[in-house]
Amino acid sequence: MTDSSNATQVIARFAAEFPAERIPGQVRHEAKRALVNFLATGVSGSRDETFLMLLRSLPAWPAQGQATIVGRPERADALTAAFLNAAGGNVTDFDDTHLPTVIHPTAPVAPPIFALADLQRVSGADFIHAFVVGVEVACRIGNAVSPSHYRRGWHITSTCGVFGAAAAAGRLLGLDAIKMQHAFACAATQASGLVESLGQPTKSIGVGNAARNGLWSAQLAARGFEGPKHPIEGRFGFFNALRETPDWPALLDGLGDTWELSKNAYKPYPGGVVVHPVIDCVLDLREKGAYATQDIARIVVHGHPLLSERADRPNVTTGREAQVCLQHSVAAAQIFGMASVDQYTDACVNDPAVLELRRKVEVVQDESIPTKAAKLELWTKDGKHHTISVDDARGSAGRPLTDRELEQKFERLAGPYVRAPRQTIDAVWALDQAKDISAIVTMTVPGR
């Protein structure tokens, strides 16, 4: 039986002491895949209006700042850079997803250690070690409270991501197990983020704070700042305060033997992952060329109840809201033959043709359909009926994006802004050989 009485201490010891040589090569490679994806979405996100509003509200200095902001010429202090890079990597909802929990792990975990790499020399091997450990901590805490945590309204990327950020930063700062425990205590009292904010700019605050507060938690602990011994499992700790009944085996069993990063997925489309199999259905059926868009009379989407819970939003008016809108995703994919950043703008949401078609989209709940799958039925005005099903959405574990597809995603999203896209990608693939990784984020800065 799993002993949960000292869960924080067990996780802290893992984060502080787990040896790098025990991390499998496949997991280290998955870390690089996550970082290629993160830099792609970070560069693209650094041009998003929500990101720009955050940037203007926070102190940034062209020369004096300590740390690099992905895709931007401005620099900032390390905490601010961690906040902005997390927000930028996640703002377009195009980042990676840990499928069991729907945590987007890289956005909160990578930025704090990229910021630290601007303050101290960090080798690629040490960076990967810290990143893998941080993702493991965030996702295992997420496993312990899923699916109830998200359904209660907590944005799990933010609330659990802060622990992963603290673990990764604490690892690079050389925290021992006791200080790592204090870092988790600092993180626990700052864990926040609401599902209500999905589709709104405020979502980015929670994700940014998870990275910033995780870094700050580790820095506080490194300076001797102390907290309770049981901030996660204690009577008034993280789990109990949020009224969770944790799955203790999901938190602790196999720690260091199995790896949550291996369950990571990468989005071929921006927006909520629950909509992705539906977009696949639309694009696959459209490719058959059996009908014209103007001839469509009705579309019915069948999916897991979570699909309608999260994405049945027929009256959205902004691109940000549309990222979690089933009706808009169907209409835009059908009309434009793709679903990328341009299909989730205010202009596209209010396109008359898109508005007309999305009014023809209905959704039906079907508990027999998993979240990674969907079925779509389409009727044309002459009464013809078309149907298509997708069992595994593109990017899911059953149909993962290849390394080359991730490179193409980087080239598409970041290529127009990065001076040397191929060199940047190659630098990530060779990350474990680098003696100093600070130049990698700098490679995304325009004009460098």
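This report describes the fold of a predicted model, from the whole chain down to one sheet and one helix.

## The chain as a whole

The chain holds 21 helices and eight strands. Its radius of gyration is 22 Å, close to the 22 Å that the globule rule gives for 448 residues, so the chain is as compact as a globular protein of that length. Along its principal axes, the C-alpha trace spans about 75 × 55 × 40 Å.

Buried residues make up 59% of the 448 residues. Among contacts with a separation of 6 or more, 76% are between residues 24 or more positions apart. The accessible surface comes to about 17300 Å². Carbon and sulfur atoms account for 50% of that surface.

## A four-stranded sheet

Four strands form an open sheet in the order E6-E5-E7-E8. Their pairing is mixed. Strand E6 (361-365) and strand E8 (385-390) are the edges, and each pairs on one side only. Neighbouring strands are turned by 20° against each other on average, direction ignored.

Strand E5 (residues 296-303) and strand E7 (residues 374-380) run antiparallel and are joined by six bridges. In this pair, Ile299 of E5 stands opposite Leu378 of E7.

## The E7-E8 hairpin

E7 and E8 also run antiparallel, with six bridges between them. Glu377 stands opposite Thr387 in E8. The two strands form a hairpin with four residues between them. Gly383 lies in the turn and has a positive phi of about 90°.

The two faces of E8 have opposite settings. His386, Ile388 and Val390 make up the covered face. His385, Thr387 and Ser389 make up the uncovered one. Thr387, the partner of Glu377, thus belongs to the uncovered face.

## Helices on the sheet

Helix H13 (residues 276-287) lies across E5, E7 and E8. Its direction is at about 130° to E8. Helix H16 (residues 326-336) also packs on the sheet, where it touches E5 and E6. The direction of H16 makes about 125° with that of E5. Strand E5 is therefore touched by H16 and crossed by H13.

## Helix H6

Helix H6 (residues 124-145) has 22 residues. At 1.5 Å a residue, H6 should span 32 Å. Its end C-alpha atoms are 32 Å apart, which agrees.

Of the 22 residues of H6, 20 are buried, so the helix is largely enclosed by the rest of the structure.

Notes
Residues numbered from 1 in each chain as written. Predicted model: local features only at pLDDT ≥ 70, side-chain atom pairs only at ≥ 80, totals over all residues. Heavy atoms only, no water. Pairing = 2+ DSSP bridges. Axes fitted to C-alpha atoms, helices over the stretch in contact; angles between N-to-C directions. Contact = heavy atoms within 4.5 Å. Expected span 1.5 Å × (residues − 1). Buried < 20%, exposed > 50% of the residue type's maximum accessible area, 1.4 Å probe, protein only. Rg over C-alpha atoms; globule rule 2.2 N^0.38 Å. Areas by Shrake-Rupley, 256 points an atom, 1.4 Å probe, with all protein chains shown as cover.
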